[in-house]
Amino acid sequence: MLKEKLFKAVLFISSFCCLTTVQAQTKVNPDSIRNKMQWFADAKLGIFIHWGIYAVNGIDESWSFHNKKISHADYMKQMKGFTASRYNPEEWAALIKESGARYAVITTKHHDGVALWPTKEKHYNVVKNTPAKRDLLTPFYAALNKQGIKRGAYYSLIDWSYPDYPGFLKDSNRYKVADEPQRWQRFQKFNENQINEINVAFKPDLWWFDGDWEHSAEEWDAANIRKSILSLKPDAIINGRLQGYGDYDTPEQNFPVTRPKFNWWELCMTSNSSWGYQPKDTAWKTPYEVITIFADAISNGGNLLLDIGPKEDGTIPPQQIHILKELGKWNHKHEEAIFNTLGGMPQGHFYGPSTLSKDSSILYLFLPGRVNGQVVVKGLKNKIKNIRVVGTSQTLQHKIVGKISWSPVPGLVYINVPPSVQDEYMSVLAVELDGPISLYKGQGGLN
Ligand code: GLC
């Protein structure tokens, strides 16, 4: 059990390491994609949906058979129990809207190979192989469209169920690419066909590839995958799991401590510890935890892709609904400080996350937990015109401490935050400046 967990952990870590290298070797010039990335940079929050036959038994998505917790045959038997009987895509889209998210990414196919759309390829899909008996993607993407939410397609490059895919169980592969190049080509053709089907049917705004670590860019034919997606939809965004041919990076679960250097990045994170529905997993993150993690991501110039895992019947677990609704309330109240903003001040100026208005003349300070008294900003050269508590009509007083008349070093800004104005999760202050923010970066003393 522990060994299996360790194995998975090693894979996760190695995938994370891969990503860092991939980013370093990216084949995409950031200047050439800046325009198409704008909506993504402004969107800040996406909802990730892991929905598949793994919800029937409530076990690890695909990994459970790969890591031999269950046989492949027994894993696939879950197809018989996947009903989607209470699936209401309009309700899903309305909940996503309520959470404040601007985009959603659904698993069109996970590593187990079961497609949620009626693929023309000879392979598993929910229409042919499960009692759901219908295309689950079309109505969801239509509902997202109606809500004005961008549509993302998670697609696993790995397909551990496909007979011509080399990888299968953790300790047994079907074959090696070098030994059977034609077999690999058959897989490539199948893979390209499926990607093309999704592209033609849904024209996703965003592609979320997964599993690129099992093969090289050349083996996946990553350059051509990118090219064919963009030939149909030139402004489609592609995540960083395409061996150097993606547009942004995707740290998974582990939160970056220092600000990532990538131009665009997105933290993907579960709401308990599982991607898919697993009733035994009760390690729910609280709304406070999700909100503070989200604030930290945007403060560092990134996005959050928060995952939910619906049950086999299509209902969303109440704990996840609760997280999304609470997050939505907070987002709605603090909208101006979150969406369409820029990442905030570098570390050292404020003990908490911050963001900036697009013209950098409003500094938003996110106050973690409840503040008892004052908060302080260091090294702010600007004059402060006004301080507001976002989402309320309150204004606050501040005091400049330690400013020496003959020194250019700015004083400390102490802001008094009475408990009565504070939000139940995370209060946000809007510090209106006399112009674009200007920060002192020296070591103190005379200059
Ligand atoms: C991992 C896992 C997968 C999950 C994904 C989400 O790479 O392989 O199960 O879907 O992360 O980021």
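How do the residues of the shell around the ligand divide into nonpolar, polar and charged?

## The ligand and its shell

In this predicted model, the shell around the ligand divides into 8 nonpolar, 3 polar and 4 charged residues. The shell holds 15 residues, and those that come nearest to the ligand are His 50, Glu 61, Trp 63, His 110 and His 111.

Two of these nearest residues, Trp 63 and His 110, also make polar approaches to the ligand through their side chains. A polar side-chain atom of Trp 63 is placed 2.9 Å from an oxygen atom of the ligand, while for His 110 an N or O atom in the side chain is 2.8 Å from a ligand oxygen atom. Tyr 154 contributes a further approach, with a polar side-chain atom lying 3.5 Å from an oxygen atom of the ligand. On its own the ligand has 310 Å² of accessible area, and the protein covers 100% of that area.

## Strands 2, 3 and 4

Strand 3 spans residues 150-156, and because 6 of its 7 residues are buried, this strand is largely enclosed by the rest of the structure. Strand 3 is paired with strand 2 (residues 103-109), the two running parallel and being joined by 6 bridges; within this pairing, Ile 106 has Ala 153 of strand 3 as its bridge partner.

Strand 3 is also joined to strand 4 (residues 206-210), again in the parallel sense, by 5 bridges. In that pairing, Ser 156 stands opposite Asp 210 of strand 4.

## The antiparallel sheet

A further group of 5 strands forms an open sheet with antiparallel pairing, in the order 8-9-10-15-12. Strand 8 (342-343) and strand 12 (384-389) stand at the edges of this sheet, and because each has a single partner strand, one side of each is left without a neighbour in the sheet. Strand 12 is joined to strand 15 (residues 426-433) by 5 bridges in the antiparallel sense, and Arg 388 stands opposite Ala 430 of strand 15.

Strand 10 (residues 362-368) has 6 of its 7 residues buried, so this strand is largely enclosed by the rest of the structure. Strand 10 pairs with strand 15 over 7 bridges, in the antiparallel sense, and here Phe 366 stands opposite Val 428 of strand 15. Strand 10 also pairs with strand 9 (residues 354-356), over 3 antiparallel bridges, with Leu 363 of strand 10 serving as the bridge partner of Leu 356. The hairpin formed by strand 9 and strand 10 has 5 residues between the strands, and in this hairpin Ser 360 takes a positive phi near 65°.

## Gln 188 in helix 9

Which residues does Gln 188 touch, not counting residues up to four places away in sequence? Gln 188 is found in helix 9, which covers residues 181-202, and with residues up to four places away in sequence left out, Gln 188 touches Glu 218, Glu 219, Trp 220 and Asp 221. One of these residues, Glu 219, also takes part in a polar approach, in which the side chain of Gln 188 reaches the backbone oxygen of Glu 219 at 2.5 Å.

Is Gln 188 buried or exposed? The relative accessibility of Gln 188 is 17%, and because buried means under 20%, Gln 188 counts as buried.

How values were computed:
Residues numbered from 1 in each chain as written. Predicted model: local features only at pLDDT ≥ 70, side-chain atom pairs only at ≥ 80, totals over all residues. Heavy atoms only, no water. Helix = DSSP H or I, 4+ residues; strand = E, 2+ residues; numbered from the N terminus. Buried < 20%, exposed > 50% of the residue type's maximum accessible area, 1.4 Å probe, protein only. Polar contact = N/O pair within 3.5 Å; in protein donor to acceptor, adjacent residues only side chain to side chain. Contact = heavy atoms within 4.5 Å. Near = heavy atom within 4 Å. Areas by Shrake-Rupley, 256 points an atom, 1.4 Å probe, with all protein chains shown as cover. Nonpolar A, V, L, I, M, F, W, Y, C, P; charged D, E, K, R; others polar. Pairing = 2+ DSSP bridges.
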